[in-house]
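Reader: I have the sequence and the model open. I want to know what the words used for this structure rest on. Can we go through them?

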Amino acid sequence: AIANDVHGKNHHMAGTFGCHVRELELLRSDGSTLVCTPDYNAEWFAATVGGLGLTGLLTRATIALKRIEGPHMDVDTLRFSNLDEFFQLSAASDRDYEYTVAWVDCSARGANLGRGWFMRANHKPALGQQPDPRKRGGPTFPFVTPVSMINPLTLRPLNTLYFRRKFKPRSRDTQHYQPYFYPLDGIKHWNRAYGPNGFLQYQCVVPHADARDAVAELLERIAAAGAGSFLSVLKVFGDVQSPGLMSFPRPGVTLALDFPNRGRETFELLEALDDVVRAAGGAVYPAKDARMSAAAFSEYFPNLERFKTFVDPAFSSNFWRRVTDPHNDGKSKVRK
């Protein structure tokens, strides 16, 4: 969580995980130990938060927590018809709701482009003894399908059914935090539906200034390709500054979705999405990446050269070697 400076549905209020780290201890490969805080060894703190696990071994961390009275959420769910309505709902919700996120129909086009469900929530007071959904278990996807169940034939019907799943355009209910924060965990081994080649998750962020047009272009390209997934997530990041040199979250709008791995076709689509993100001055999330090029990584993270001075010489990763290889043009071997 610290190494990727992760974010949640409350980013617009709370910022990233790193905003709540008060102190960390870093063990370097030469045997030295650094205690870092936002004010002491501050540059090492900034390099380690969002530093992809490359500055040394985290041996201890002090983290500020939020006290809540119980595990339940007051959830308000609203259907919206297009991207403009999404942005209106988000702006109207950010002040009064701690958690906001939207599901988007990635197959919709034209006047319906960007339609979906907006889910905003706050913690509820304690309700007394209530059943814990984690103890009930749930359905299990039984086997890896021979081919991906998420394909051009199923994508539009599945998304349309989910968009029409409720007769009323708005509902309010009490939910345990588990299904609200982690909806896919309700089906065990859900990834098996993507078949033997698996999937790639793509998440990007684009600045507020060009967010409307950039997100529309991303969704249009995805829908035109007949690609995407059943779970596509759209969220507005707030203006709380991330403390890390290499943090992905930044003010703007983030879009995340899964793509069945169809080899070259999928990778070419993701490169086309990269073009939109770069043109808008945005970035792709390293924590979910399997194919970005060295040039793209450098463009997304302008503090890269400064960050390199903090990297422990004995620490590396496949990701780091790929995105710092000047010969890497993004043509990943995964395509084959």
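Author: What follows takes the terms one by one and sets each against its value. Keep in mind that this is a predicted model.

Reader: Start with the helices. What makes H7 roughly antiparallel to H8?

Author: The angle. The axes of helix H7 (residues 211-224) and helix H8 (residues 264-279) cross at roughly 165°. Angles over 145 degrees count as roughly antiparallel. Therefore H7 is roughly antiparallel to H8. The two axes come within 10 Å, and the crossing of H7 and H8 is right-handed.

Reader: Which residues of H7 and H8 meet?

Author: From H7 come Ala 214, Glu 217, Leu 218, Arg 221 and Ile 222. From H8 come Leu 269, Ala 272, Leu 273, Val 276 and Val 277. By class, the contact of H7 with H8 has 8 nonpolar, no polar and 2 charged residues.

Reader: Why are H3 and H7 called oblique to each other?

Author: Their axes cross at roughly 135°. The roughly perpendicular range is 65 to 115 degrees, and roughly antiparallel starts over 145. The crossing angle of H3 and H7 fits neither class, nor the roughly parallel one under 35 degrees, so the pair is oblique. The axes of H3 and H7 come within 11 Å. Their crossing is right-handed.

Reader: What do H3 and H7 bring to their contact?

Author: H3 brings Leu 83, Asp 84 and Phe 87. H7 brings Ala 211, Arg 212, Val 215, Ala 216 and Leu 219. The contact of H3 with H7 divides into 6 nonpolar, no polar and 2 charged residues.

Reader: On to the sheets. In the open sheet of 3 strands, what is the order?

Author: The order is E2-E1-E3, and the pairing is antiparallel.

Reader: What makes E2 and E3 edge strands?

Author: Strand E2 (33-36) and strand E3 (57-63) each pair on one side only. From one strand to the next, the twist averages 10°.

Reader: How do you know that E1 and E2 pair?

Author: Pairing takes at least two bridges. Strand E1 (residues 21-27) and E2 are joined by 4 bridges, and they run antiparallel. They therefore pass the cut-off. Two positions show the register. Leu 24 has Cys 36 in E2 as its bridge partner, and Glu 25 stands opposite Val 35. The hairpin of E1 and E2 has 5 residues between the strands. In that hairpin, Gly 31 takes a positive phi near 90°.

Reader: What makes the side chains along E2 alternate?

Author: Look at where they point. Leu 34 and Cys 36 point to one face and are buried. Thr 33 and Val 35 point to the other face and are not buried. In a regular strand the side chains alternate between the two faces of the sheet.

Reader: Now the open sheet of 8 strands. Which strands are its edges?

Author: The order is E7-E4-E6-E5-E9-E10-E8-E11, with antiparallel pairing. The edges are strand E7 (170-176) and strand E11 (283-284), each pairing on one side only.

Reader: How do you know that E6 pairs with E4 and with E5?

Author: Count the bridges against the cut-off of at least two. E4 and E6 have 8 bridges. E5 and E6 have 6. Both pairs therefore qualify. Both are antiparallel. Phe 118 in E6 is the bridge partner of Leu 78. Arg 120 in E6 is the bridge partner of Thr 100.

Reader: What makes E6 mostly covered?

Author: Of its 8 residues, 6 are buried. Helix H3 (residues 83-93) lies across several strands, E6 among them, and runs at about 10° to E6. Helix H5 (residues 152-163) also packs on the sheet, touching E4, E5 and E6. The direction of H5 makes about 135° with that of E5.

Reader: Why is Arg 115 called buried?

Author: Its relative accessible area is 8%. Buried means under 20%, so Arg 115 is buried. Arg 115 is found in the loop between strand E5 (99-104) and strand E6 (116-123). Beyond its sequence neighbours within four places, its contacts include Phe 80, Trp 103, Asp 105, Phe 163 and Arg 164.

Reader: And why is Asp 210 called partly exposed?

Author: Its value is 39%. Buried is under 20% and exposed is over 50%. Asp 210 lies in between, so it is partly exposed. Asp 210 is found in the loop between strand E8 (199-206) and H7. Asp 210 and Gly 282 are 72 residues apart in sequence, yet 9.4 Å apart in space, C-alpha to C-alpha.

Definitions and conventions
Residues numbered from 1 in each chain as written. Predicted model: local features only at pLDDT ≥ 70, side-chain atom pairs only at ≥ 80, totals over all residues. Heavy atoms only, no water. Axes fitted to C-alpha atoms, helices over the stretch in contact; angles between N-to-C directions. Helix = DSSP H or I, 4+ residues; strand = E, 2+ residues; numbered from the N terminus. Left-handed = near helix turned anticlockwise from the far one by under 90°. Contact = heavy atoms within 4.5 Å. Nonpolar A, V, L, I, M, F, W, Y, C, P; charged D, E, K, R; others polar. Buried < 20%, exposed > 50% of the residue type's maximum accessible area, 1.4 Å probe, protein only.
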